[in-house]
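Biologist: I should like to learn how to read the features of a structure that is new to me. Would you take me through them in turn?

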Amino acid sequence: MAAPVSSLSQRLVNWARQRSPWITLFNSGACNACDIEIIACLMPRFDIERFGILVKGSPRHADILIVTGHVTLKQASRLRRVWEQIPEPKYVIAMGACGASAGAFHGLYHVMDTVEQVIPVDIYVAGCPPRPDEIINGVVACLNLMSADAAHGGKEWRQKTSAGIPHTDGAPGVTR
Amino acid sequence: MKPLLTLDFVAETMKEWGTAEQVRHNRIRITATPETVRTAIINARELLECDRLITISAVDNGKTLELVYHLTGPHRSVISIAIELPRDKPEVPTMSDILPPAGIYERQIHDLLGIVFPGHPDLKRIMLNEDWPLEEYPLRKDWKKDPGTFYGGIPGERI
Amino acid sequence: MANVIVPIGPHHPALKEPVNFRIVADGERIVRLELDLSYNHRGIEKAAEQRDFIRVLPLLERVCGICSHSHSTVFVKGIEEIMELEIPPRARFIRTIIAELERMHSHLLWLGVAAHEVGFNTLFMWTWRDREAVQDTLEEMSGNRVHYGMNEVGGIRRDLTPSEVNAALARLPHLEERIREYAKMVNDQETLLIRFKGVGKLSRDEALAYGAVGPTARASGVDYDIRRDDPYLAYTVVPWNVVTDTSGDVYGRTRVRIGELQESIKIVRHCLENLPEGPIRVNAPKTAPKGEILSRYEAPRGELAHFIRTNGTDKVERVDIRTPTLANWTSVALCLVNQNLADIPVIVAAIDPCLSCTSRITVVNPKDRTTGIVTFDELRKQSHLRASMQERR
């Protein structure tokens, strides 16, 4: 495990990242219910922007990538390309039942099995579609993960389980 | 609003190109052949006042491929003109010059079922991704995914 | 299969992928429109052939995240007609209530998105906040904000309790007042008027010839509405009007949708106040007899058609889905020709596409045959720039 980060500038950078993460969205072929619920998060009722979270378009400025939808065969390579453009440290949130296992569309001929086949996923948010509160909860869990990773000097402390999915309870330091 | 079309009127007008039957209070089905279907549609437009195409449905019933053209007009009746095509060489002339919306539906049917529409200006892929192998028509009843072929996605990944 | 699923595609404010507009400008004019629907294609029609009537409904609902109830209702009413089942009046009314609530949330959503396209973000925020009232009602009635799962063959799955009915009725007056505000705003606000009027004009003959459906067609004076022309559910017993307009441009489509919002509130109120007593479902047989039906429905975007063929088993032989956006797409292509680049987001948004961001506009510079790629983002920025320039004038 790498030595914990201690320099002031590094701590400042980590603090800034967690206080104001920039999110980029990628619709990998969904029915769009999840996308609309994400937009509803930006609206006055749920207002994710009061947390300092901004939804930006370009992957090159993002900290978090939110993937909606099960990945269709057409979108798979594009999703991989977008993910590669995001600078480290990057985090991926897979939305909904589709993100976890292709949801209702599992096994269809133009669909991949899960987002994990294309890019590594950090957080799964359950629901079909997840409610805006659950989405905000997922983003906050991601922020907690970011601070846990920063405290441990990187992502290596999160050992992958035999299922291939890194899993935490949202509390730093707990892995299964 | 105009009254619905009656079966007798439709049967009489279209008798040269197909046989008509009433399948619902506002829908009349005409069975035509691939040779007569284009003239049937042109005449349905003129004589029956069917100026709108609702959709073109394509079915694989196991033995043949069927196409049904659904038309409607100010009388609000639906005229369905149905034809059957052989599986090995399904071809029917395009309707996209007489009914402009047909262009998109024909492209879709070609992609998924493999029916060819000679005369169509642009019969290229619309529904399947660019890596999908040619000559594989997913909506046919005898099509199954071949584990050895690459259908798109990330090369080398299990899909 | 027309898995042209919904989605608010390219003009989704936060969705930046995956849209590529290849624009070739002859000056600033567009020449040809290409369409590629493979981004959202899933293979739902083939999967529907392998699921029985209970399992296929959740799949068909998720064709679209905005008109999910439309897909499920049109399928279920087609199967019920093949089986010659008569569903009880209470089920008919409740299906109508959910259908009209869905139309309301869809039109409010569209209003916000269209306003966003021209840089009017305040209206975007307001309409989506009011839309939350509709979502709350739907959540109380069905348990979910989207994908309600209310339908089954033979009726509906959940009943409405009197407290849910009263809560829904209590929300309607405020919503009605807000919609009246929006109607006034659309009539008075300079920003909207300039950007919407005269843009994306579709004449009546063109709308007929190119098969436009829904509010897009009705704004051009084409008087087709499946709820009146091929009635289903409770639309024959509830008083309501078809809303049309004659201008044919984006402004006309806005007025039609706001008119439909007002009509929907009336229908919902009438249904809630006059909900008949009785059972909510009848027992349906497990298999459907051999048959064929073209089931049509007026979805928020236009006419949705499911062609269903059954073969005597408990699964369909074929369900062929024709979504309204596909029908409107040819007319959009027509509208875009000879329009300005900066108006593309508005025009594409005006048909309210339930379609993934996969359209490509190819324009070729006739002089030197070059092509350029412009992303939708840049187009939207141009669109907003134009709006602010006009405001300063």
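Modeller: What follows is a guided reading of a predicted model, taken in the order of interface, sheets and backbone.

Biologist: How much area do chain A and chain C bury between them?

Modeller: The size of an interface is often given as the accessible area lost when the parts come together. Here chain A and chain C bury about 3300 Å² between them, with 64% of it on carbon and sulfur atoms. Ile36(A), Met43(A) and Arg45(A) supply 17% of the area that chain A buries against chain C, more than any other three residues. In terms of contacts, 37 residues of chain A meet 43 residues of chain C.

Biologist: How many salt bridges are there between chain A and chain C, and how many residue pairs are in polar contact?

Modeller: The count is 4 salt bridges between chain A and chain C. In one salt bridge, Asp136(C) is joined to Arg45(A), and their closest N and O atoms are 3.1 Å apart. The polar contacts across this interface amount to 7 residue pairs, with both residues at pLDDT 80 or more.

Biologist: Which elements of chain A give two or more residues to the side that touches chain C?

Modeller: They are strand 1 (22-27), helix 2 (33-42) and helix 3 (73-85) of chain A. Helix 2 of chain A gives the most, with 7 residues. By residue type, the side of chain A that touches chain C divides into 22 nonpolar, 9 polar and 6 charged residues.

Biologist: Let us turn to the sheets. In what order do the strands of the sheet in chain A stand?

Modeller: Strands of a sheet pair through backbone hydrogen bonds, either parallel or antiparallel. In chain A, 5 strands form an open sheet in the order 2-1-3-4-5, and the pairing is parallel. Strand 2 (54-55) and strand 5 (123-125) of chain A are at the edges with a single partner strand each, so one side of each is left without a neighbour in the sheet. Strand 1 and strand 3 (residues 64-68) of chain A run parallel and are joined by 5 bridges; Leu25(A) stands opposite Ile66(A) of strand 3.

Biologist: Which strands of that sheet do helix 2 and helix 5 of chain A touch or lie across?

Modeller: Helix 2 of chain A packs on the sheet and touches strand 1, strand 2, strand 3 and strand 4 (91-95), its direction making about 135° with that of strand 3. Helix 5 (residues 132-152) of chain A lies across strand 1, strand 3, strand 4 and strand 5, and runs at about 155° to strand 4.

Biologist: What pairing does the sheet of chain B have?

Modeller: The pairing in chain B is mixed, in an open sheet of 5 strands with the order 1-2-5-4-3. Its edge strands are strand 1 (19-24) and strand 3 (52-60), each of which pairs on one side only. Strand 4 (residues 65-72) and strand 5 (residues 78-85) of chain B pair in the antiparallel sense over 8 bridges, and His70(B) stands opposite Ser80(B) of strand 5. Helix 2 (residues 37-47) of chain B lies across strand 4 and strand 5, running at about 175° to strand 5.

Biologist: Finally, where is the backbone unusual?

Modeller: Most residues other than glycine have a negative phi, and most peptide bonds are trans. A cis peptide bond joins Glu88(A) and Pro89(A), with omega about -5°; Pro89(A) is in the loop between helix 3 and strand 4 of chain A. The bond from Cys128(A) to Pro129(A) is also cis, with omega near -5°, and Pro129(A) is in the loop between strand 5 and helix 5 of chain A. In chain B, Glu135(B) is not a glycine, although its phi is positive at about 65°.

Technical notes:
Residues numbered from 1 in each chain as written. Chains lettered and ligands numbered in written order. Predicted model: local features only at pLDDT ≥ 70, side-chain atom pairs only at ≥ 80, totals over all residues. Heavy atoms only, no water. Contact = heavy atoms within 4.5 Å. Buried area = accessible area lost by both parts, 1.4 Å probe. Salt bridge = Lys/Arg side-chain N within 4 Å of Asp/Glu carboxyl O. Polar contact = N/O pair within 3.5 Å; in protein donor to acceptor, adjacent residues only side chain to side chain. Helix = DSSP H or I, 4+ residues; strand = E, 2+ residues; numbered from the N terminus. Nonpolar A, V, L, I, M, F, W, Y, C, P; charged D, E, K, R; others polar. Pairing = 2+ DSSP bridges. Axes fitted to C-alpha atoms, helices over the stretch in contact; angles between N-to-C directions.
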